[in-house]
Structure formats: C-alpha cells, structure tokens
Amino acid sequence: MEIILFGAPGVGKGTQAKILSSRLHIPHISTGDILRLAISKKTELGLKAKAIMDLGNLVPDDIMGGIIKDVLNDPKSKNGFILDGFPRTIEQAGILDEIFKELGIKKAKLILITAKDELIIQRLSKRRECDACGNIINLNYLKDANKCPTCGSKNSFIKRKDDEVDIIKNRLKVFHKTTEPVLKYYENKSDLLVIDGTLPVDEVTKIIINSF
Ligand code: AMP
C-alpha cells in the first residue's frame, strides 16, 4: 500500500506515519528525517540543506526529487510506503507521478491531516526530541518535565532549530503558499481523506485504518 500524508508541519504526520509503518510493515519515508540525518553526518547534501532548513524554507526540487527517486527505488519500498513530507510543491508532485509511472504504481492513498495555525505554533514550540532515544515529546503533556517517558533519561531534551516561533511561522507560510496548492494538483487524480488533527492520536489512526 502506498500512502501520502499531507498536512502542515506539526499536524501529526510523523506520529501517524510511525504508527502506520509498524502496523502495516511498510517503511515510513520522511524527507525531513532524511535531510536531518544528512546534516548530522555532514554530507554534501546536509551542508547544502542546513541553512535552508534552519530558516524553514524548502530545499530545491531537483535535490528532493533525486532523494525520493533513490528511496522509492530501494527494494525496501517495494511492498509499499508512507510518504511524510513529500511532495511539498507542484513540481515535486510531477516528479512523484513520473516515479510512480516507472514503478507501475497506479494510485496512492492520499490523507490530509488538518489543524489551525495557532494550535500548530503552540504544539511545535513545545516539541522536543529525547537525545537518548529519539522519542518526540511535547512539554505540555509531560508528567516529569525533565524525564523522557520512553527511556527514562533525564535532561536530555533537544529543541529543533526550526521549532523556534519565527521559523514555525515561516514554515506555515511556506505550507499555505507552496504546499497547499499541491492538493489541487491531486483533486481529479485521487480520493482524498481529510482528518481533523486535533483528535486524539489513536482516533486519527483508527479513522485512517478504517478507510482502507
Ligand atoms: P519536516 O521534518 O517534514 O518538517 O521537514 C523539515 C524541513 O526539511 C522543511 O522545513 C524543509 O526545509 C525540509 N524539507 C523536508 N521535506 C522537504 C521537501 N519535500 N521539499 C523541500 N524541503 C523539504
């Protein structure tokens, strides 16, 4: 099964993608994670992407197209995948169509998760990653503000550079201006499932699973 998750940054695409990936046994392909890994390894791609990502802007389409082509051609993706963060421009949607054609993929399942900008700003400014286990948490929902609920590590939370309020606002601006029009591109090509991202995580998962 091929799934494309759409939605603004911080709306819960990554959370749902991880859950679906483990339930459906297909890879979660997050272009943001791929770029962050490249930055941490200081590869050529990482060096190019870092300044762009720190400002909340989009990495050029030709670079992203090359990345997604490689990942989707990998044997790990042959039984399906969940795309999280791609396509983000009309150009990228065209690149994806070409790759799908080459791979013989007729129709992907499109899912849009929605939430208001104000809520997203609140969520993302409180989002942290545990340095020890990589778990993503929200400071608003932590019982012990210094302890990771997954691995128990203390004082190990890191804030993503692009989760500063000014940068979040720019990411939302980019989403509305450049990524939202991608939905129009798919309007006549695919059915779209729209889900309220303010529902509890397990409710959102249930709606997605029940739609298959
Ligand atoms: P994300 O983790 O999906 O929020 O992505 C973090 C950042 O990575 C974005 O703000 C962009 O700078 C970059 N990025 C991720 N996916 C894409 C994409 N498909 N096209 C361009 N830039 C991307």
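In the predicted model, the side chains of Lys 50 and Asp 54 meet in a salt bridge, with an N to O distance of 2.5 Å. Both residues belong to helix α3, which spans residues 44-54, and because they are four residues apart, about one helical turn separates them. Lys 50 has a relative accessibility of 34% and therefore counts as partly exposed. Asp 54 is also assigned to the partly exposed class, since its relative accessible area is 22% and the class of buried residues is confined to values under 20%.

A salt bridge within a helix is also found in α2, where Arg 36 pairs with Asp 33. The closest N and O atoms of this pair are 2.9 Å apart. Here the spacing along the chain is three residues, again about one turn of the helix. Arg 36, at 26% relative accessibility, counts as partly exposed. Asp 33 falls in the partly exposed class as well, with a relative accessibility of 39%.

Elsewhere in the chain, Lys 184 and Glu 187 form a salt bridge in which the closest N and O atoms lie 3.3 Å from each other. Lys 184 counts as exposed because its relative accessibility is 58%, and the exposed class covers values over 50%. Salt bridges with shared partners also link Arg 127, Arg 160, Asp 162, Asp 163 and Arg 171 into one network. Over the whole structure, the search returns 13 salt bridges.

Helix α2 also takes part in a helix-helix contact. The packing of two helices is described by the angle and the distance between their axes. For α2 (residues 31-40) and α4 (residues 61-73), the axes come within 11 Å and cross at roughly 105°. The two helices are therefore roughly perpendicular to each other, as angles of 65 to 115 degrees are placed in that class. On the α2 side, the contact is made by Thr 31, Ile 34 and Leu 35. These residues meet Met 64, Ile 67, Ile 68 and Val 71 of α4. Of the residues in this contact, six are nonpolar and one is polar, while no charged residue is included. The polar residue is Thr 31. Arg 36 and Asp 33, the salt-bridged pair of α2, are not listed among the α2 residues that meet α4.

Conventions
Residues numbered from 1 in each chain as written. Predicted model: local features only at pLDDT ≥ 70, side-chain atom pairs only at ≥ 80, totals over all residues. Heavy atoms only, no water. Axes fitted to C-alpha atoms, helices over the stretch in contact; angles between N-to-C directions. Parallel < 35°, antiparallel > 145°, perpendicular 65-115°, else oblique. Contact = heavy atoms within 4.5 Å. Salt bridge = Lys/Arg side-chain N within 4 Å of Asp/Glu carboxyl O. Buried < 20%, exposed > 50% of the residue type's maximum accessible area, 1.4 Å probe, protein only.
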